[in-house]
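This briefing covers one chain and its two ligands. Look at the structure first, then read the points below.

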Amino acid sequence: MIPKYIDSVQVKEILTWPLVNAAVEEALKAIDYSERDAANSEQSYKQQPSRTITTGGNASKLLLTMPGYVGNYNALNAKTNNDQLHCSSTLACKVVTSFTNNQNLQPPLPNILANVLLFDINTGELQCIMEGTQITAWRTAAASIVATKYLYMKRFPQQFQTPIKLAIIGCGVQGQSHALGMCATFNVSEIYLWNRTQSKADDLALKLQKLYLQNSMKIFVTKTPAEAVREAAVICIGTYSPNALINYDMLKSGDVHINTVGAGAVHFGEVSQDIYDNAVVYVDSLINARTELKDLKANIIGEIGQVIREDRRTENKCLTIYQSLGMAAEDATVAQAVYNAL
Ligand SMILES: NC(=O)C1=CN([C@@H]2O[C@H](COP(=O)(O)OP(=O)(O)OC[C@H]3O[C@@H](n4cnc5c(N)ncnc54)[C@H](O)[C@@H]3O)[C@@H](O)[C@H]2O)C=CC1
Ligand SMILES: O=C([O-])C1=[NH+]CCC1
(Lines give C-alpha, C1' and ligand atoms only; values in the text may rest on other atoms or scores of the structure.)
(Ligands and ions follow the chains in the order given, each with its own letter.)
Protein backbone atom coordinates (compact mmCIF):
# COMPACT_ATOMS: atom_id res chain seq x y z
CA MET A 1 0.00 0.00 0.00
CA ILE A 2 1.34 3.44 -0.89
CA PRO A 3 0.63 5.77 2.04
CA LYS A 4 -1.32 8.96 1.33
CA TYR A 5 0.25 12.31 2.12
CA ILE A 6 -2.19 14.67 3.82
CA ASP A 7 -0.95 18.24 3.64
CA SER A 8 -1.54 21.16 5.99
CA VAL A 9 -4.33 22.64 3.83
CA GLN A 10 -6.34 19.41 4.04
CA VAL A 11 -5.66 19.10 7.78
CA LYS A 12 -6.71 22.70 8.45
CA GLU A 13 -10.02 22.22 6.64
CA ILE A 14 -11.02 19.47 9.06
CA LEU A 15 -9.85 20.90 12.37
CA THR A 16 -12.55 22.46 14.56
CA TRP A 17 -12.37 23.08 18.30
CA PRO A 18 -15.22 20.67 19.21
CA LEU A 19 -13.55 17.90 17.16
CA VAL A 20 -10.04 18.46 18.54
CA ASN A 21 -11.18 19.04 22.14
CA ALA A 22 -13.17 15.80 22.08
CA ALA A 23 -10.30 13.78 20.54
CA VAL A 24 -7.78 15.15 23.04
CA GLU A 25 -10.10 14.54 25.99
CA GLU A 26 -10.35 10.89 24.91
CA ALA A 27 -6.55 10.63 24.70
CA LEU A 28 -6.09 12.15 28.16
CA LYS A 29 -8.87 10.02 29.66
CA ALA A 30 -7.62 6.64 28.40
CA ILE A 31 -5.90 4.67 31.17
CA ASP A 32 -2.35 3.47 30.86
CA TYR A 33 -2.04 0.02 29.27
CA SER A 34 -0.25 -1.32 32.38
CA GLU A 35 -3.28 -0.42 34.55
CA ARG A 36 -5.82 -1.94 32.20
CA ASP A 37 -8.35 -4.03 34.03
CA ALA A 38 -8.66 -7.36 32.23
CA ALA A 39 -12.17 -7.75 33.64
CA ASN A 40 -13.27 -4.53 32.00
CA SER A 41 -11.92 -4.80 28.49
CA GLU A 42 -14.37 -2.14 27.29
CA GLN A 43 -12.45 0.70 28.87
CA SER A 44 -10.25 2.91 26.72
CA TYR A 45 -6.51 2.61 27.21
CA LYS A 46 -3.29 3.92 25.78
CA GLN A 47 0.31 2.95 25.40
CA GLN A 48 2.83 5.70 24.85
CA PRO A 49 6.38 4.90 25.79
CA SER A 50 8.61 7.73 26.88
CA ARG A 51 9.42 9.78 23.77
CA THR A 52 12.97 9.94 22.43
CA ILE A 53 14.73 13.28 22.14
CA THR A 54 17.72 13.49 19.79
CA THR A 55 19.90 16.58 19.77
CA GLY A 56 20.76 17.73 16.25
CA GLY A 57 24.16 19.23 17.03
CA ASN A 58 23.14 21.49 19.90
CA ALA A 59 20.22 22.02 22.31
CA SER A 60 18.47 24.47 19.97
CA LYS A 61 17.90 21.63 17.47
CA LEU A 62 15.83 18.71 18.72
CA LEU A 63 14.16 15.73 17.05
CA LEU A 64 11.43 13.97 19.03
CA THR A 65 9.79 10.66 18.15
CA MET A 66 6.43 10.09 19.81
CA PRO A 67 4.78 6.68 19.28
CA GLY A 68 1.33 6.05 20.73
CA TYR A 69 -1.64 3.68 20.66
CA VAL A 70 -5.12 4.44 21.97
CA GLY A 71 -7.58 1.53 22.13
CA ASN A 72 -11.39 1.43 22.54
CA TYR A 73 -11.94 5.15 22.71
CA ASN A 74 -14.99 7.15 21.63
CA ALA A 75 -14.37 9.01 18.39
CA LEU A 76 -16.56 11.82 17.07
CA ASN A 77 -17.68 11.33 13.51
CA ALA A 78 -16.82 14.61 11.76
CA LYS A 79 -18.41 13.40 8.51
CA THR A 80 -21.90 13.07 9.96
CA ASN A 81 -21.48 16.51 11.57
CA ASN A 82 -23.30 15.48 14.72
CA ASP A 83 -22.29 14.14 18.09
CA GLN A 84 -22.48 10.50 17.03
CA LEU A 85 -19.70 8.54 18.73
CA HIS A 86 -18.14 5.32 17.61
CA CYS A 87 -15.57 3.07 19.22
CA SER A 88 -12.18 3.46 17.64
CA SER A 89 -8.52 2.53 18.05
CA THR A 90 -5.50 4.23 16.58
CA LEU A 91 -1.78 3.63 16.20
CA ALA A 92 0.49 6.53 15.29
CA CYS A 93 3.93 8.00 15.64
CA LYS A 94 4.61 11.72 15.54
CA VAL A 95 8.02 12.85 14.39
CA VAL A 96 8.60 16.45 15.43
CA THR A 97 11.51 18.87 15.36
CA SER A 98 12.07 21.92 17.55
CA PHE A 99 14.63 24.22 15.88
CA THR A 100 14.53 27.48 17.77
CA ASN A 101 16.42 29.51 15.17
CA ASN A 102 13.71 28.95 12.53
CA GLN A 103 11.84 32.10 13.56
CA ASN A 104 14.93 34.18 12.59
CA LEU A 105 15.13 32.81 9.02
CA GLN A 106 14.03 34.95 6.08
CA PRO A 107 11.22 34.07 5.53
CA PRO A 108 10.72 32.61 9.04
CA LEU A 109 9.65 29.00 9.54
CA PRO A 110 7.76 27.66 12.57
CA ASN A 111 10.14 26.42 15.29
CA ILE A 112 8.07 23.29 15.74
CA LEU A 113 7.57 21.20 12.58
CA ALA A 114 5.80 17.87 12.73
CA ASN A 115 4.51 14.91 10.74
CA VAL A 116 2.24 12.17 12.03
CA LEU A 117 2.50 8.62 10.67
CA LEU A 118 -0.81 6.74 10.96
CA PHE A 119 -0.82 2.95 10.78
CA ASP A 120 -3.52 0.42 9.93
CA ILE A 121 -4.25 -1.20 13.28
CA ASN A 122 -4.99 -4.59 11.67
CA THR A 123 -2.00 -4.96 9.37
CA GLY A 124 0.55 -2.42 10.63
CA GLU A 125 0.77 -0.88 7.17
CA LEU A 126 1.54 2.83 6.99
CA GLN A 127 -1.79 4.42 5.96
CA CYS A 128 -0.75 8.01 5.71
CA ILE A 129 1.78 10.67 6.53
CA MET A 130 -0.04 13.71 7.81
CA GLU A 131 1.41 17.19 8.17
CA GLY A 132 1.40 17.58 11.95
CA THR A 133 2.41 21.19 12.64
CA GLN A 134 -1.22 22.35 12.82
CA ILE A 135 -2.18 19.26 14.77
CA THR A 136 0.52 20.07 17.34
CA ALA A 137 -0.69 23.67 17.71
CA TRP A 138 -4.36 22.68 18.06
CA ARG A 139 -4.01 19.60 20.23
CA THR A 140 -1.72 21.36 22.73
CA ALA A 141 -4.28 24.16 23.17
CA ALA A 142 -7.08 21.59 23.34
CA ALA A 143 -5.28 19.77 26.18
CA SER A 144 -5.09 23.08 28.08
CA ILE A 145 -8.80 23.64 27.35
CA VAL A 146 -9.69 20.20 28.73
CA ALA A 147 -7.48 20.81 31.79
CA THR A 148 -9.15 24.22 32.36
CA LYS A 149 -12.57 22.61 32.07
CA TYR A 150 -11.86 19.97 34.72
CA LEU A 151 -9.48 21.83 37.05
CA TYR A 152 -11.08 25.30 36.97
CA MET A 153 -14.55 25.53 35.40
CA LYS A 154 -15.96 22.68 37.45
CA ARG A 155 -15.46 24.73 40.64
CA PHE A 156 -18.39 26.98 39.72
CA PRO A 157 -22.16 26.39 39.56
CA GLN A 158 -22.32 27.79 35.99
CA GLN A 159 -19.44 25.46 35.04
CA PHE A 160 -18.42 26.04 31.39
CA GLN A 161 -20.57 29.18 31.07
CA THR A 162 -18.66 30.92 33.88
CA PRO A 163 -17.24 34.21 32.50
CA ILE A 164 -13.44 34.19 32.69
CA LYS A 165 -10.65 36.73 32.45
CA LEU A 166 -7.90 35.10 30.42
CA ALA A 167 -4.19 35.97 30.09
CA ILE A 168 -1.99 34.79 27.22
CA ILE A 169 1.76 35.07 27.91
CA GLY A 170 3.66 34.55 24.66
CA CYS A 171 1.74 35.13 21.40
CA GLY A 172 3.63 32.75 19.09
CA VAL A 173 2.05 29.64 17.57
CA GLN A 174 0.98 28.25 20.95
CA GLY A 175 -0.21 31.59 22.33
CA GLN A 176 -2.37 32.09 19.25
CA SER A 177 -3.92 28.63 19.30
CA HIS A 178 -4.57 28.92 23.04
CA ALA A 179 -6.27 32.31 22.61
CA LEU A 180 -8.40 31.11 19.67
CA GLY A 181 -9.31 27.79 21.28
CA MET A 182 -10.12 29.24 24.70
CA CYS A 183 -12.29 32.01 23.18
CA ALA A 184 -14.10 29.49 20.94
CA THR A 185 -14.81 27.15 23.86
CA PHE A 186 -15.37 29.27 26.97
CA ASN A 187 -17.18 32.47 27.91
CA VAL A 188 -14.12 34.76 27.89
CA SER A 189 -15.14 38.23 29.10
CA GLU A 190 -11.66 39.80 29.00
CA ILE A 191 -8.42 38.67 27.36
CA TYR A 192 -4.99 40.10 28.18
CA LEU A 193 -2.17 39.50 25.67
CA TRP A 194 1.56 39.88 26.29
CA ASN A 195 4.47 39.06 24.02
CA ARG A 196 8.17 39.97 24.22
CA THR A 197 7.86 41.72 20.84
CA GLN A 198 4.61 43.66 21.19
CA SER A 199 3.69 43.57 17.49
CA LYS A 200 2.82 39.84 17.77
CA ALA A 201 0.39 40.57 20.60
CA ASP A 202 -1.10 43.45 18.53
CA ASP A 203 -1.59 41.11 15.55
CA LEU A 204 -3.37 38.55 17.72
CA ALA A 205 -5.55 41.29 19.24
CA LEU A 206 -6.61 42.35 15.71
CA LYS A 207 -7.42 38.77 14.75
CA LEU A 208 -9.57 38.32 17.86
CA GLN A 209 -11.30 41.68 17.32
CA LYS A 210 -12.35 40.60 13.82
CA LEU A 211 -13.60 37.21 15.05
CA TYR A 212 -15.46 38.58 18.06
CA LEU A 213 -16.76 41.84 16.57
CA GLN A 214 -20.31 41.20 17.75
CA ASN A 215 -19.19 39.98 21.14
CA SER A 216 -18.71 42.02 24.31
CA MET A 217 -15.28 40.43 24.94
CA LYS A 218 -12.67 43.05 25.92
CA ILE A 219 -9.18 42.66 24.46
CA PHE A 220 -6.06 44.25 26.00
CA VAL A 221 -2.40 44.20 24.95
CA THR A 222 -0.15 44.76 27.96
CA LYS A 223 3.39 46.07 28.37
CA THR A 224 4.40 43.48 30.98
CA PRO A 225 3.45 39.92 31.96
CA ALA A 226 2.51 41.28 35.42
CA GLU A 227 -0.17 43.54 33.92
CA ALA A 228 -1.51 40.66 31.85
CA VAL A 229 -2.00 38.26 34.77
CA ARG A 230 -3.06 40.78 37.47
CA GLU A 231 -6.79 40.04 37.14
CA ALA A 232 -6.65 36.78 35.23
CA ALA A 233 -8.37 33.66 36.49
CA VAL A 234 -6.97 31.50 33.70
CA ILE A 235 -3.42 31.96 32.41
CA CYS A 236 -1.87 30.25 29.38
CA ILE A 237 1.87 30.55 28.98
CA GLY A 238 3.84 29.19 26.02
CA THR A 239 7.30 30.67 25.39
CA TYR A 240 10.93 29.59 25.20
CA SER A 241 11.88 31.65 28.25
CA PRO A 242 14.26 29.74 30.55
CA ASN A 243 13.59 32.41 33.21
CA ALA A 244 10.32 32.91 35.05
CA LEU A 245 8.02 35.43 33.39
CA ILE A 246 5.36 35.31 36.11
CA ASN A 247 5.67 34.94 39.89
CA TYR A 248 3.29 34.39 42.78
CA ASP A 249 3.00 38.07 43.81
CA MET A 250 1.70 38.96 40.36
CA LEU A 251 -1.34 36.65 40.62
CA LYS A 252 -4.74 37.60 41.97
CA SER A 253 -5.81 35.79 45.12
CA GLY A 254 -8.44 33.05 45.09
CA ASP A 255 -9.20 30.79 42.17
CA VAL A 256 -6.47 30.78 39.50
CA HIS A 257 -5.57 28.14 36.96
CA ILE A 258 -2.37 28.15 34.88
CA ASN A 259 -1.69 26.13 31.73
CA THR A 260 2.06 26.09 31.17
CA VAL A 261 3.08 24.49 27.88
CA GLY A 262 6.43 25.93 26.96
CA ALA A 263 10.05 26.77 27.75
CA GLY A 264 11.59 24.42 25.18
CA ALA A 265 14.45 22.34 26.60
CA VAL A 266 13.79 23.74 30.14
CA HIS A 267 10.23 22.49 30.40
CA PHE A 268 9.18 24.46 33.45
CA GLY A 269 11.34 27.62 33.27
CA GLU A 270 8.65 30.17 32.45
CA VAL A 271 6.77 29.92 35.77
CA SER A 272 8.51 30.86 39.05
CA GLN A 273 9.29 28.41 41.83
CA ASP A 274 7.05 30.30 44.29
CA ILE A 275 4.04 29.64 42.02
CA TYR A 276 4.86 25.92 42.00
CA ASP A 277 5.31 26.06 45.79
CA ASN A 278 1.74 27.31 46.20
CA ALA A 279 0.08 25.24 43.50
CA VAL A 280 -1.46 21.86 42.96
CA VAL A 281 0.11 20.47 39.78
CA TYR A 282 -1.29 18.03 37.23
CA VAL A 283 0.54 16.68 34.16
CA ASP A 284 -0.56 15.06 30.91
CA SER A 285 1.72 12.02 31.16
CA LEU A 286 3.53 10.80 34.26
CA ILE A 287 5.78 8.63 32.09
CA ASN A 288 7.17 11.67 30.28
CA ALA A 289 7.13 13.73 33.52
CA ARG A 290 9.39 11.20 35.24
CA THR A 291 12.18 11.97 32.80
CA GLU A 292 11.45 15.46 31.49
CA LEU A 293 10.27 17.01 34.79
CA LYS A 294 12.67 15.19 37.10
CA ASP A 295 14.22 18.49 38.27
CA LEU A 296 10.90 20.23 38.88
CA LYS A 297 10.24 20.80 42.58
CA ALA A 298 6.47 20.69 42.69
CA ASN A 299 3.52 18.92 44.24
CA ILE A 300 2.56 16.80 41.21
CA ILE A 301 -0.77 15.21 42.15
CA GLY A 302 -1.09 13.06 39.04
CA GLU A 303 -2.39 13.01 35.50
CA ILE A 304 -5.28 15.13 34.28
CA GLY A 305 -6.80 11.92 32.85
CA GLN A 306 -7.44 10.63 36.37
CA VAL A 307 -9.38 13.80 37.24
CA ILE A 308 -11.53 13.29 34.13
CA ARG A 309 -12.15 9.60 34.80
CA GLU A 310 -13.02 10.07 38.46
CA ASP A 311 -14.90 13.35 37.87
CA ARG A 312 -12.89 14.76 40.77
CA ARG A 313 -13.51 18.36 41.81
CA THR A 314 -10.68 20.78 42.58
CA GLU A 315 -10.96 22.75 45.83
CA ASN A 316 -12.24 26.33 45.61
CA LYS A 317 -9.84 29.24 46.25
CA CYS A 318 -7.03 27.19 44.93
CA LEU A 319 -4.14 27.64 42.51
CA THR A 320 -3.82 24.85 39.97
CA ILE A 321 -1.25 24.23 37.26
CA TYR A 322 -1.62 22.03 34.22
CA GLN A 323 1.99 21.26 33.26
CA SER A 324 1.84 20.22 29.64
CA LEU A 325 4.62 18.30 27.91
CA GLY A 326 2.59 17.06 24.99
CA MET A 327 1.86 13.40 24.44
CA ALA A 328 1.65 10.97 21.55
CA ALA A 329 -1.88 9.76 22.32
CA GLU A 330 -3.24 13.28 21.66
CA ASP A 331 -1.57 13.38 18.24
CA ALA A 332 -2.88 9.89 17.46
CA THR A 333 -6.57 10.59 18.25
CA VAL A 334 -6.54 13.97 16.47
CA ALA A 335 -4.75 12.62 13.38
CA GLN A 336 -7.19 9.68 13.29
CA ALA A 337 -10.15 12.11 13.48
CA VAL A 338 -8.72 14.05 10.52
CA TYR A 339 -8.08 10.84 8.53
CA ASN A 340 -11.61 9.56 9.20
CA ALA A 341 -13.11 12.87 8.08
CA LEU A 342 -11.35 12.97 4.70
N1 LIG B 1 3.47 21.13 25.71
C2 LIG B 1 3.36 20.87 24.42
O3 LIG B 1 2.66 19.95 24.02
C4 LIG B 1 4.07 21.72 23.43
C5 LIG B 1 4.94 22.67 23.84
N6 LIG B 1 5.54 23.50 22.96
C7 LIG B 1 6.42 24.53 23.52
O8 LIG B 1 5.69 25.76 23.55
C9 LIG B 1 6.62 26.85 23.46
C10 LIG B 1 6.17 27.81 22.38
O11 LIG B 1 6.18 27.16 21.13
P12 LIG B 1 5.65 27.91 19.84
O13 LIG B 1 4.48 28.75 20.19
O14 LIG B 1 5.51 26.91 18.77
O15 LIG B 1 6.89 28.87 19.51
P16 LIG B 1 6.89 30.30 18.83
O17 LIG B 1 8.28 30.60 18.46
O18 LIG B 1 5.84 30.38 17.79
O19 LIG B 1 6.48 31.27 20.02
C20 LIG B 1 7.29 31.44 21.13
C21 LIG B 1 6.99 32.78 21.77
O22 LIG B 1 7.79 32.86 22.93
C23 LIG B 1 8.37 34.13 22.99
N24 LIG B 1 9.69 33.99 23.63
C25 LIG B 1 10.74 33.26 23.24
N26 LIG B 1 11.76 33.37 24.09
C27 LIG B 1 11.34 34.20 25.07
C28 LIG B 1 11.95 34.70 26.22
N29 LIG B 1 13.21 34.37 26.57
N30 LIG B 1 11.21 35.53 27.00
C31 LIG B 1 9.96 35.86 26.66
N32 LIG B 1 9.32 35.42 25.59
C33 LIG B 1 10.01 34.59 24.78
C34 LIG B 1 8.49 34.64 21.57
O35 LIG B 1 8.35 36.03 21.58
C36 LIG B 1 7.33 33.94 20.86
O37 LIG B 1 6.22 34.77 20.71
C38 LIG B 1 7.98 26.22 23.23
O39 LIG B 1 8.66 26.13 24.46
C40 LIG B 1 7.65 24.82 22.72
O41 LIG B 1 8.68 23.89 22.99
C42 LIG B 1 5.30 23.43 21.62
C43 LIG B 1 4.46 22.47 21.14
C44 LIG B 1 3.80 21.50 21.99
O1 LIG C 1 4.49 17.42 22.28
C2 LIG C 1 5.07 17.98 21.35
O3 LIG C 1 4.76 17.82 20.16
C4 LIG C 1 6.16 18.90 21.67
N5 LIG C 1 6.48 19.22 22.88
C6 LIG C 1 7.56 20.13 22.93
C7 LIG C 1 7.96 20.34 21.52
C8 LIG C 1 6.99 19.56 20.70
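How do the residues of the shell around ligand 2 divide into nonpolar, polar and charged? Three are nonpolar, three are polar and none is charged. The model is predicted. The points below take the ligand shells, then the domains, then one helix pair.

**Ligand 2**
- The residues around ligand 2 are Leu64, Val96, Ser98, Ile112, Thr136 and Gly326.
- Leu64, Val96 and Ile112 are nonpolar, whereas Ser98, Thr136 and Gly326 count as polar.

**Ligand 1**
- Ligand 1 is surrounded by 27 residues.
- The closest of them are Gly172, Gln174, Ser241, Gly262 and Gly326.
- Gly326 is thus named for ligand 1 and also for ligand 2.
- Two elements, α3 (133-151) and α4 (173-185), give two or more residues to the shell around ligand 1.
- By class, the shell around ligand 1 holds 17 polar, eight nonpolar and two charged residues.
- Domain 1 (4-135 + 330-341) and domain 2 (137-327) each give at least three residues to the shell around ligand 1.

**Domains**
- The domain assignment gives domain 1 (4-135 + 330-341) and domain 2 (137-327).
- Domain 1 is written as two segments, 4-135 and 330-341.
- The C-alpha centres of the two domains are 22 Å apart.
- Across the contact, 23 residues of domain 1 meet 24 residues of domain 2.
- On the domain 1 side, α2, α3 and α10 each supply at least two residues.
- The most come from α2, which gives seven residues to that side.
- The side of domain 1 that touches domain 2 has 11 nonpolar, seven polar and five charged residues.

**Helices α2 and α10**
- Helix α2 spans residues 17-29 and helix α10 spans residues 328-341.
- Their axes come within 8 Å and cross at roughly 140 degrees.
- The two helices are therefore oblique to each other, since an angle has to be over 145 degrees to count as roughly antiparallel.
- The crossing of α2 and α10 is right-handed.
- From α2, the contact takes in Leu19, Val20, Ala23, Val24, Glu26 and Ala27.
- From α10, the partners are Ala329, Glu330, Ala332, Thr333, Val334 and Ala337.
- By class, this contact has nine nonpolar, two charged and one polar residue.
- The charged residues are Glu26 in α2 and Glu330 in α10, and Thr333 in α10 is the polar one.

Note on methods:
Residues numbered from 1 in each chain as written. Chains lettered and ligands numbered in written order. Predicted model: local features only at pLDDT ≥ 70, side-chain atom pairs only at ≥ 80, totals over all residues. Near = placed C-beta within 6 Å. Helix = DSSP H or I, 4+ residues; strand = E, 2+ residues; numbered from the N terminus. Domains from an automatic or database assignment. Axes fitted to C-alpha atoms, helices over the stretch in contact; angles between N-to-C directions. Parallel < 35°, antiparallel > 145°, perpendicular 65-115°, else oblique. Left-handed = near helix turned anticlockwise from the far one by under 90°. Contact = placed C-beta atoms within 7 Å.
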